[in-house]
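Subject: Structure handover

Hi,

Here is the structure I promised to pass on to you. Have a look at it first, and then read on for what turned up in it.

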Amino acid sequence: LFALGAAAVSRSMAALERDVWALPGHLLRGLLPLLTVFHLERAEDAARRAGLSTQPIWRKLWDDVMKIRPPNSESITCWRKKFLETFFSNVLHGVLDVSSDWRLNDRHFSPLLHSSPHVSQLTLCNMLQGAVELTAEHNHKVLENLAGSLRILKFQHLLSCDQSIKRSLVLLLHRLIHHGSVSQVSMYSWPVPDTVLLVLILTMSAGFWRSGNALAYHSSPCGLCREEDKAQRQESAQEGAERGCDTEQEGHSGENQKRSPKRTDAPTNSVLSRPRSPPLRNAACEETSSDVPCGHTSIQGGSSPCSSSEQLSCHPIPQKTRRRLKPAVGRKRRCLRRSRGHYADPEDLYDFVFTVARENNLGLLDKTRTTEGENTENWTSSSPGSPCTGHAGCKKRGGPAGILSLKAAHRFRSVSTLELFSVPLTGETCRTLSNLLSSWVSLENLVLSYNGLNANISCILSGLRALSRHPECRFRVLRVSDMFSHMPCMELVRCILSALPQLHTLSVSFDLKNQLEGSRPEGNPSCDKAEIPESCLEVLEIRFPREPLHTAFLLPVLKSSKSLQQLSLDSATLPCPQELGLLLEVLKECTPNLKKLSFHDVNLAEHQKEVLLLLQDPGLQEITFSFCRLFESSTAEFLSEIINTVKRNSSLKSLKLPGNRLGNQRLVALADIFSEDSSSSLCQLDVSSNCIKPDGLLEFTKKLEGHIQQRGGQLPFTHLRLFQNWLDQDAETAQEALRRLKAVCSVVNDAWDSSQAFADYISVM
């Protein structure tokens with residue numbers, strides 16, 4: 001339409017657009033559905049000025065082009081962003097043909113370029129073909145757009161790839177993380193991870209990159225890095241000139257002769273004292289007048305100038321390697337020769353990563369400073385079962401983190417959230433990750449899910465303990481889940497809180513106990529008597545692998561967590577009938593700020609008294625009894641007591657009862673919570689997975705409508721969740737009930753096949 005209009009009146013496209021966007025609202029409303037994606041995106045501002053919404057058009061585009069229902073569609077607030085973000089991903093991975101729809105097939109429309117500003121999260125899969133495409137020269141502008149818009153970068157189902165693809169990935173991570181806006185890196189479903197690739201992603205996410213000769217991973221150094229280095233050199237030169245003037249004045253005055261600095265154009269004698277040295281690069285590679293040795297021997301035995309993998313390991317270079325070091329002068333010339341145009345071999349990436357892993361196995365370096373810049377290095381062997389088996393958390397005289405080079409090195413920007421889902425971590429990888437964590441000051445959230453950690457969790461904790469001592473530490477959220485637990489859950493919780501008292505959120509989840517009951521790594525001291533300092537914990541979630549819930553073990557944790565606001569206990573067993581009562585007493589005494597309490601898969605069928613006590617607690621605003629078998633052996637009187645208790649509680653805002661066999665009759669009775677004589681402020685009710693049928697839901701709706709009329713239209717109830725109920729047994733009745741309910745509150749349900757679910761249940765039995 002625009003092309004024909006422009007051709008007909010011989011005017012430019014931009015001029016024609018200005019006239020069209022100035023049309024009256026009623027004309028613009030009819031025009032918007034006729035536009036291609038290119039022009040619809042450009043018409044957004046004009047539509048907003050005219051008071052028109054383009055959301056229905058973008059939603060229709062989604063249905064016509066994507067042909068699938070997006071997950072969590074109820075929570076989508078901007079269909080324009082949702083469409084363009086998914087469109088970008090599908091085009092990048094080659095699963096969408098832009099010629100398939102006339103609205104996409106516009107000669108002015110560059111799919112990746114025009115949709116990239118709307119992409120806030122991106123997933124790279126398999127052989128990382130997307131990384132290769134994004135770093136291609138013709139997509140330079142696309143990559144620049146992503147550097148400003150992308151916040152979440154995900155990797156899923158990765159496979160081993162060749163060196164050229166790794167080089168593309170390095171460039172992509174450097175631009176999007178170090179010089180971009182990515183704040184979260186997540187990895188999913190990587191059953192057999194490539195060690196080189198995994199460590200590369202972790203290292204660059206932490207803000208490190210072997211710049212200098214490692215810029216040889218690309219045809220030319222990063223332009224942004226060159227600009228920063230140029231600015232730093234100018235700043236250093238200016239500071240050096242100022243120091244030179246001061247030195248000359250001191251020389252004339254004849255004072256402090258012995259303290260006069262050396263030549264002003266030479267850096268200080270230690271790399272660590274260099275204020276803004278680039279990350280993982282030795283200063284001597286660039287400074288001709290430096291006296292610092294920079295040549296290190298690679299694993300193959302050849303010269304690998306400026307190798308700095310030791311900055312990612314808490315271990316030193318092996319003695320055998322150190323004997324090969326040559327005088328600084330010879331190495332200095334080789335480093336300069338490389339840095340002036342002879343780039344590193346592609347295999348250097350492999351050498352770097354394997355050097356990190358190898359050094360992490362060599363033992364613990366205790367490094368102490370001596371006079372005149374010399375170092376003495378003492379080796380300390382670590383016991384195999386020690387929680388500090390040669391990693392960054394080891395406590396040493398060199399400093400709390402134990403990694404002087406990491407603390408002193410200038411780092412690039414790093415992400416604040418790291419998530420690893422179903423990515424097995426070996427001992428070597430855990431030690432490397434621990435080393436990175438020890439100085440990852442920007443890290444706020446760490447999620448480790450199904451990584452097969454077992455005893456290696458102690459290694460991770462040591463790195464986090466070192467991080468917590470850093471004055472700029474921002475670490476607040478830790479989530480750990482796995483198949484097997486190598487120690488009791490409460491013992492692990494005490495270990496974590498004793499090491500990380502600044503945590504705000506802690507989630508520990510295990511499916512099963514260790515196959516060897518009661519086994520513990522040799523030499524690993526028990527944490528059950530660890531002192532827990534007063535913590536900042538606000539959210540505590542524990543999923544027990546069918547372990548008994550002993551209040552005595554939970555008591556020290558709750559006593560130290562005065563700020564606790566949310567507690568979730570999952571899959572625990574109650575060793576005796578009095579245990580739940582003891583827990584309630586402890587909660588009342590130790591957690592005055594508790595607002596949310598959740599029980600999941602905990603048998604409460606015989607604890608009706610305690611359930612009622614919780615429901616009348618004036619401090620709790622949200623209570624969850626999920627699959628707790630509340631009504632398994634209860635009477636009608638128990639349900640009436642629940643309803644009356646909730647009616648009198650004006651502080652309770654949310655009640656979640658999924659999976660408790662409510663059925664139709666109990667659901668209808670729950671409507672009395674909102675009767676005319678009720679003082680309840682309940683806003684949310686969750687009755688998912690409760691065998692509710694359409695006729696019961698309709699009767700509940702009618703009763704609720706009657707209470708609304710009695711209260712003069714005033715009802716605090718706003719949200720009802722109905723997932724996985726038997727509403728498919730009578731579609732017509734279910735539709736009528738849902739239609740009437742949606743006039744009262746917001747209803748969230750799903751299209752659930754109850755017959756198939758019942759068949760699955762029988763097959764499992």
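Let me start with Gln502, which sits in the loop between helix 20 (489-499) and strand 11 (505-513). Its relative accessible area is 14%, and since anything under 20% is called buried, Gln502 falls in that group. Apart from neighbours within four places in sequence, Gln502 is in contact with Ser468, Cys473, Phe475, Arg476 and Cys536. Please keep in mind that this is a predicted model.

Now for the overall picture. The protein has 28 helices and 19 strands, and 50% of its 765 residues are buried. Among contacts with a separation of 6 or more, 81% are between residues 24 or more positions apart. As for the outside, the accessible surface of the protein is about 35,800 Å², and carbon and sulfur atoms hold 51% of that surface.

Strand 3 may be a good place to go next. It covers residues 184-188, and four of its five residues are buried. Strand 3 pairs with strand 2 (residues 152-156) in the parallel sense, over five bridges. Within that pairing, Leu153 has Val185 of strand 3 as its bridge partner.

Ser186 belongs to strand 3 as well. Is Ser186 buried or exposed? Ser186 is buried, because its relative accessible area is 0% and the cut-off for buried is under 20%. The side chain of Ser186 forms a polar contact of 3.0 Å with the side chain of Gln184. If you set aside residues up to four places away in sequence, Ser186 touches Leu153, Lys154, Phe155 and Glu419. Leu153 therefore turns up twice here, as a contact of Ser186 and as the bridge partner of Val185, with contact meaning heavy atoms within 4.5 Å.

Two backbone angles also deserve a look. Most residues other than glycine have a negative phi. Lys67, which is not a glycine, has a positive phi of about 60 degrees. Lys67 lies in the loop between helix 6 (55-65) and helix 7 (79-92), and with a relative accessibility of 63% it counts as exposed. Asp601 is the other case, with a positive phi near 55 degrees. You will find Asp601 in the loop between strand 14 (596-600) and helix 23 (608-615). Asp601 is partly exposed, at a relative accessible area of 26%.

On the surface there is a nonpolar patch of about 250 Å². Which residues make this patch? They are Tyr450, Met483 and Leu512. Met483 is part of strand 10 (residues 477-485). Its relative accessibility of 36% puts Met483 among the partly exposed residues.

Finally, a pair that is separated along the chain: Glu428 and Thr195 are 233 residues apart in sequence, with 9.4 Å between their C-alpha atoms. Glu428 is in helix 18 (residues 427-437), and this residue is partly exposed, with a relative accessible area of 33%.

That is everything from my side. Happy browsing!

Best wishes

Methods
Residues are numbered from 1 along each chain as its sequence is written. This is a predicted model: local features need pLDDT of at least 70, side-chain atom pairs count only at pLDDT 80 or more; totals for chains, interfaces and linings use all residues. Side-chain values use heavy atoms; hydrogens and water are left out. Helices (H or I, at least four residues) and strands (E, at least two) are DSSP runs, numbered from the N terminus. Buried means under 20% relative accessible area, exposed over 50%, partly exposed in between (1.4 Å probe, protein chains only). Accessible areas come from the Shrake-Rupley method with a 1.4 Å probe; for residues, only the protein chains shown count as cover. A polar contact is a pair of N or O atoms within 3.5 Å; within protein, one must be able to donate a hydrogen and the other to accept it, and residues adjacent in sequence count only if both atoms are side-chain atoms. Patches are made of residues with over 30% relative accessible area and no salt bridge: like charges are joined within 9 Å, nonpolar side chains (Val, Leu, Ile, Met, Phe, Trp, Tyr) within 5 Å. A salt bridge is a side-chain nitrogen of Lys or Arg within 4 Å of a carboxyl oxygen of Asp or Glu. Two strands pair if DSSP finds at least two bridges between them.
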